[in-house]
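Got the viewer open and the selection box ready? Let's take a walk through this one, stop by stop.

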Amino acid sequence: MLFGLGVVAFVFKRHIITIFMSIELMLNAVNLAFVAFARARGALDGLVFVFFVIVVAAAESAVGLAIVIMLAQNRQSMNVERENLLKL
Amino acid sequence: MIAILLFMVCAALTVAGAVTLIWAKEPIHSALALVLVMVTLAVLYLLLGAPFIAAVQIIVYAGAIMVLFVFVIMLLNAGVEERTNFSKLAIPGVVLAFVLLLEIAHWMFHSAIGRALANGANAPTTEASTYDLSEMLFRQYLFPFEATSILILIAVLGAWVLARREP
């Protein structure tokens, strides 16, 4: 459910920061599934993987927001429709 | 009994926060909705017997990552989002998300493990202790743990290189 909402947000939102937030939302949905299955199966491995997912999400958001700052300083816009430098 | 009530309230709040994240026009409202989602998810982790993960969720997500988001929103003076025509990926994306939802629901109600999961039949009642978790983290998963530290270092350096002004 949460992952689906994240996908919907990722597809519909045009603001680049909100798109980052929806990525975090999807990661959180996966984390919740990991914890639930770790609980159901009585294994701790899922919790360790949640830990790793959180660490990777922290790194990803740091780099991603740095890229957002770069883009905003260079292009004066935060609408992904206008970021068309890479388009053919 | 009170745990079930708490679960219901927190699950509803999580979904409501996610919907608010999508509907809000201003990025700062979306960020605050995401904070709500993080905190209620931490409560859900507590209910699922994972107190360490709940603490990490609060500290790293609601603390560090959301502060980073709000800081960037304030720094860039992000205004109201303009609604333009959405991307061409939207239609198949929504269809695929809906199919995934249906599939999970079907699996939940019709497979053996799904039913066991839904009924909580053989779920252990004890909490996953931080001692056991760290034991596993530093023995079985020691190499991935060290690899993530290198990853964090690279991410910090990359963010610094990207965000500094050009000399």
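Which residue follows α3(B), and what is the sign of its phi? Select B:Asn77: this residue comes after α3(B), and its phi is positive, near 55°. Bear in mind along the way that this is a predicted model.

**Stop one: α3(B)**

Step back from B:Asn77 and select residues 51-76 of chain B, which make up helix α3. You get 26 residues that reach 36 Å from the first C-alpha to the last, close to the 38 Å expected at 1.5 Å a residue. Now look for the kink: α3(B) bends by about 30° at B:Met66. B:Met66 is also one of the buried residues of α3(B). To see the others, add B:Phe52, B:Ile53, B:Ala54, B:Gln57, B:Tyr61, B:Ile65, B:Phe69, B:Val72 and B:Ile73.

**Stop two: the partner helix**

Keep α3(B) on screen and bring in residues 27-47 of chain B, helix α2. The axes of α2(B) and α3(B) are 8 Å apart, and the packing angle is about 175°. An angle over 145 degrees counts as roughly antiparallel, so that is how α2(B) and α3(B) run relative to each other.

Who touches whom here? From α2(B), try residues including B:Ala31, B:Leu34, B:Val35, B:Met38, B:Ala42 and B:Tyr45. On the α3(B) side, the contact residues include B:Ile53, B:Gln57, B:Ile58, B:Tyr61, B:Met66, B:Phe69 and B:Ile73. Color this contact by residue class and you will find 21 nonpolar residues, 1 polar and no charged. So the bend residue B:Met66 turns up in this contact too.

**Stop three: α7(B)**

Jump to residues 142-163 of chain B, helix α7. Its 22 residues reach 32 Å between the first and last C-alpha, close to the 32 Å expected at 1.5 Å a residue. How many of the 22 residues in α7(B) are buried? The count is 2, and α7(B) is hardly covered.

**Stop four: zoom out to both chains**

Select the whole of chain B: there are 7 helices and 0 strands. Of its 167 residues, 20% count as buried. For contacts in chain B with a separation of 6 or more, residues 24 or more positions apart account for 53%.

Then switch to chain A, which has 3 helices and 0 strands, in the order α-α-α along the sequence. Buried residues make up 50% of the 88 residues in chain A. Among its contacts between residues at least 6 apart in sequence, 39% join residues at least 24 apart.

Conventions. Residues are numbered from 1 along each chain as its sequence is written. Chains are lettered from A and ligands numbered from 1 in the order in which they are written. This is a predicted model: local features need pLDDT of at least 70, side-chain atom pairs count only at pLDDT 80 or more; totals for chains, interfaces and linings use all residues. Helices (H or I, at least four residues) and strands (E, at least two) are DSSP runs, numbered from the N terminus. The expected span of a helix is 1.5 Å times one less than its number of residues. The bend at a residue is the angle between axes fitted to the seven residues ending there and the seven starting there. A residue is buried if 20 or more other C-beta atoms lie within 10 Å of its own, exposed if 12 or fewer, and partly exposed in between; C-beta atoms are placed from the backbone. Axes are lines fitted to C-alpha atoms, for helices over the stretch in contact, and angles run from 0 to 180 degrees between N-to-C directions. Angles under 35 degrees count as roughly parallel, over 145 as roughly antiparallel, 65 to 115 as roughly perpendicular and the rest as oblique. Two residues are in contact if their C-beta atoms, placed from the backbone, lie within 7 Å. Ala, Val, Leu, Ile, Met, Phe, Trp, Tyr, Cys and Pro count as nonpolar, Asp, Glu, Lys and Arg as charged, and the others, Gly among them, as polar.
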